Every structure is written in structure tokens, then in C-alpha cells.
Amino acid sequence: MNGSDRVITIDNPPPLAGGGRFDRLEIGFRTWGRLDAGATNAVLVCPALTGDRHVDRWWPGLLGPGRSLDHKTDFIICADVLGGSGGTSGPGSRRGLRPWGERFPAVSVRDMVTVQRLLVDALGTRRLKLVIGGSLGGMQVLEWAVSHPDRVASAVAIAAPARQTAWAAALNHAQRRALATHGDLELARMIAMLSYRHWDNLDGRFGPDNGGERTAQGWLEHHGRALRERFDPVAYRRLMDAMDGHDLGRGRWGWRKALRAVRARTLIVGIASDLLYPPRDQQALADAIPGADLEWLEAEQGHDAFLIEQERLDSIVSGFRQEAPHPHVSRQSFLEARA
Ligand SMILES: CC(=O)SCCNC(=O)CCNC(=O)[C@H](O)C(C)(C)COP(=O)(O)OP(=O)(O)OC[C@H]1O[C@@H](n2cnc3c(N)ncnc32)[C@H](O)[C@@H]1OP(=O)(O)O
Ligand SMILES: N[C@@H](CCO)C(=O)O
């Protein structure tokens, strides 16, 4: 589906949460549809760790006429994330004659949201009709809802926690070690991939009675290679650091109190089989956000189901947006849903 690809530059942006500064910031983004006369129809999509502004490539099942993200009615915006490997300023972008590389400052999820806010301002809208994203994208959604309660009408956060968990930080630590000792982005991605899938998914596809010549090892190797070919390792570290620093409650008297300030109509989506950010993380979010809806994406793939089971996810998000009842379980705890 066609969109419009652009880059804007912002001179003297606000300082980063960690104290770093840019003289000039580039934001690479893509839009679909048109902003309406009252500037009321802007929808911001927030990418995950290795995602980018090309929502049409990674969420085709949610984007398009009659779907959750419909450019006939919505003005859909997605920007490459700050510090990442895409068209927004990151370690691979130039500072003077050379790329930033290791000199690129530490960034936080809050900084990513600040950059998105600068973009949204520049595009001429103040209030977002919807902010949506999964995983690191879900962290950005939550940060938007907490830091700009008056600017977000509705929010959908998928497979994300209120603050980084010890389990996820430990997985990132092992990946960081793979990068530091061997410069091995492939190994780092392989470690991560194991947390993106439920064991049933790998056994079902590659177990002794399945898979044929295709093995789980071959699958891991494939994903390791694929990431090395498309992602800057310094950017990968910066984004892992940002995820590890994610805490909605920092400087706000704790995450529960921070979430009480949310005014957006909110949908939290958890994935039943998610081994990275398991259902208890989304249950906690839904319990803390005033009036939040909670839905379970029934899928056996694990964390990455938000990128795989797109039809089911689209049905959940469309249902929420239309405020119509739909076949998925609402406002029930994970255990109640299974009783
Ligand atoms: C929100 C965001 O912005 S996130 C960005 C999303 N993109 C990514 O994460 C990119 C990496 N891709 C993936 O993780 C996955 O492909 C997903 C999540 C997009 C889809 O998952 P699945 O449908 O289960 O696909 P799967 O993990 O099997 O990947 C398919 C690829 O693996 C290859 N593959 C699968 N099994 C094997 C095997 N045993 N040996 C070698 N290669 C294999 C396939 O040939 C295919 O290759 P291709 O992508 O070059 O066509
Ligand atoms: N697999 C996705 C989600 C990880 O959280 C990505 O690479 O961005």
C-alpha cells in the first residue's frame, strides 16, 4: 500500500533524558492518508525493537481499508525510532563527516516519545486519536499515555510491561555480552529469538516428527544472519539499553501511580504464550490503568504473535476502536479466561 516517505530536521531539540544533546535531529517517517481539517484523525504507530516506519511491511494485516488502521479515515504516522537503525538519528547517521557510531548518546523510551511528539507537532496535530504498538512499541505507547495524558485519546499497548523485568534485562545482558566479546550480532539475535517464541511453536514446526530437513537450529541461524545484514550493532545496543531503562514510574512515585494519570481510553493486549513479557505483565497494567480494557491474543507462537497472528490482532483492535463486542475475552484475568 502506498504511503508517503519523508524526513524532517529539528534544530536544537530538547536535551535527552540522560543529558545528551543534538544540534540537529533527523526524523525519518512514513504517513498514510490525510490529516483532516480539524486535525482530529492522527494515529501514531510505534515500532518494536527492529521494526521501522514501514508499517505496510510488518503489519499489513492491520493496515488498509476496513482494518484497524484505515487510511481512508485515519492519518497514520510511523517514524523510525530514535537511536535505531533507520532514517531517524541513530549511531549509523552522520555527525559531520563520520557516522556517530559509539559516540551516539544513550537514549530512553521517553526520548523516543519526545522525538515522536516533535514530529506530531510538526505535522500540525496536537491530539492523537490513537497510539498503538507492540513490545518496545508498546512501551512507547504507555509512555505517551503517561507523559501526555491530554494528547492521547486512545491507546493500544501490546505485549509490553510497565517497567523492564529482571528476566528481559537478563536476556539483554546475555546479548550484550555476545556483542562485547565477539561482536556477534547474530548470536545476540539468536538469544533474543528464543524469547520471542514459545517452545510449542518450535517443537510444532521443527520437532522430531515435524520439520523434515528444516531445523530449529537452521531457523535460528537464518534470523541471526538476517539481522546482521539489516541492523547496526551499536543501534541494537542502544535500543536494548533503552528497553532496560524503561520504567513508567521513574521520577513519578512509582509505575502504579504514574498509570493512574492515564486519561486515554486504553486497550492492553497480552499474548497467552508470551515467554518474554508474560500475561502477568499485561494483567498488572490493566489493573493499574483507569478503565482499561484487557484482551488476550490466543496464539501459540509466543511474543512475536503480534507480528504473526495479524488477523486475530486486527479483530481485537478493530473491535476496541469500534466499541463493538467481539469474540475475544474482555476484562478477564488470564486465569479467569482459562477457568
Ligand atoms: C513491530 C516491528 O516493527 S517488528 C519488525 C518485524 N520484523 C522482524 O522481526 C523481522 C524478523 N522476522 C521475524 O522475526 C519473523 O519472520 C516474523 C515474526 C516477522 C514472522 O514469523 P514467522 O511467520 O513464524 O516466520 P519465521 O520466523 O519462520 O521466518 C520466516 C523466514 O525464516 C526462514 N526459515 C524458517 N525456518 C527455517 C529453517 N529451519 N532454516 C532456515 N530458514 C528458515 C524462512 O525461509 C523465512 O525466510 P525469509 O524471511 O527470508 O522469507
Ligand atoms: N521480533 C520483533 C519484536 C521484538 O520485541 C522485533 O525484532 O522487533
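# A walk through two ligand sites

Start by selecting ligand 2 and the side chain of Thr50: an N or O atom in that side chain is 2.6 Å from an oxygen atom of ligand 2. Before moving on, keep in mind that this is a predicted model, so read each distance as a value computed from predicted coordinates.

**Stop 1: the polar contacts of ligand 2**

Keep ligand 2 on screen and add Leu49. Here the partner is the backbone, with a polar atom of Leu49 lying 3.3 Å from an oxygen atom of the ligand. Next, show Arg189, where a polar side-chain atom is 3.0 Å from an oxygen atom of ligand 2. How much of the accessible area of ligand 2 does the protein cover? On its own the ligand has 260 Å² of accessible area, and the protein covers 95% of it.

**Stop 2: the shell and its pocket**

Now select everything around ligand 2. The surrounding residues are Ala48, Leu49, Thr50, Gly51, Ser135, Arg189, Tyr196, His303, Asp304, Phe306 and Leu307. Colour them by class and you should find five nonpolar, four polar and two charged residues. Two helices are worth showing as cartoons: α5 (185-196) and α11 (305-308) each supply at least two residues of this shell. If you display pockets, look for ligand 2 in the largest one.

**Stop 3: the annotated residues**

Select Ser135, Asp274 and His303 together. An unreviewed UniProt entry annotates these three as "active site". They are spread over 169 residues of sequence, yet they cluster in space, with a largest C-alpha distance of 10.8 Å. Which of them help line the largest pocket? Ser135 and His303 are in that lining. Zoom in on Ser135 and trace the backbone either side: this residue lies in the loop between β7 (130-134) and α3 (136-147).

Then switch to Arg189 and Asp304, where UniProt, again in an unreviewed entry, places the feature "binding site". This pair spans 116 residues of sequence, but the largest C-alpha distance is 13.5 Å, so to speak a cluster in space. Both Arg189 and Asp304 belong to the lining of the largest pocket. Follow the backbone at Arg189 and you will be in helix α5.

**Stop 4: over to ligand 1**

Centre the view on ligand 1. The shell here has 21 residues, and the closest are Gly51, Arg205, Thr215, Trp219 and His223. Gly51 may look familiar, as it is also listed around ligand 2.

Three polar contacts make good labels:

- Trp58: a polar side-chain atom is 3.5 Å from an oxygen atom of ligand 1.
- Gly218: a polar backbone atom is 3.4 Å from a nitrogen atom of ligand 1.
- His222: an N or O atom of the side chain is 3.2 Å from an oxygen atom of ligand 1.

Taken alone, ligand 1 exposes 980 Å², of which the protein buries 67%. Which elements give two or more residues to the shell around ligand 1? They are α5, α6 (199-206), α7 (216-230) and α11. Pick out α7 in its own colour: with five residues, this helix gives the most to the shell. Colouring the shell of ligand 1 by class shows eight nonpolar, six polar and seven charged residues.

**Stop 5: the annotated domain**

To finish, zoom out and select residues 41-182, which an unreviewed UniProt entry lists as "domain: AB hydrolase-1". The C-alpha atoms at the two ends of this span lie 47 Å apart. Switch to a secondary-structure colouring, and the span comes out as 33% helix and 17% strand.

Technical notes: Residues numbered from 1 in each chain as written. Chains lettered and ligands numbered in written order. Predicted model: local features only at pLDDT ≥ 70, side-chain atom pairs only at ≥ 80, totals over all residues. Heavy atoms only, no water. Near = heavy atom within 4 Å. Polar contact = N/O pair within 3.5 Å; in protein donor to acceptor, adjacent residues only side chain to side chain. Areas by Shrake-Rupley, 256 points an atom, 1.4 Å probe, with all protein chains shown as cover. 1 Å grid on protein atoms, 1.4 Å probe; cavity = no way out; pocket = protein on both sides within 12 Å on 5 of 7 lines; lining within 4 Å. Sits in = over half its atoms within 2 Å of the grid points. Helix = DSSP H or I, 4+ residues; strand = E, 2+ residues; numbered from the N terminus. Nonpolar A, V, L, I, M, F, W, Y, C, P; charged D, E, K, R; others polar. UniProt positions renumbered as here; feature names shortened; annotations may be inferred.
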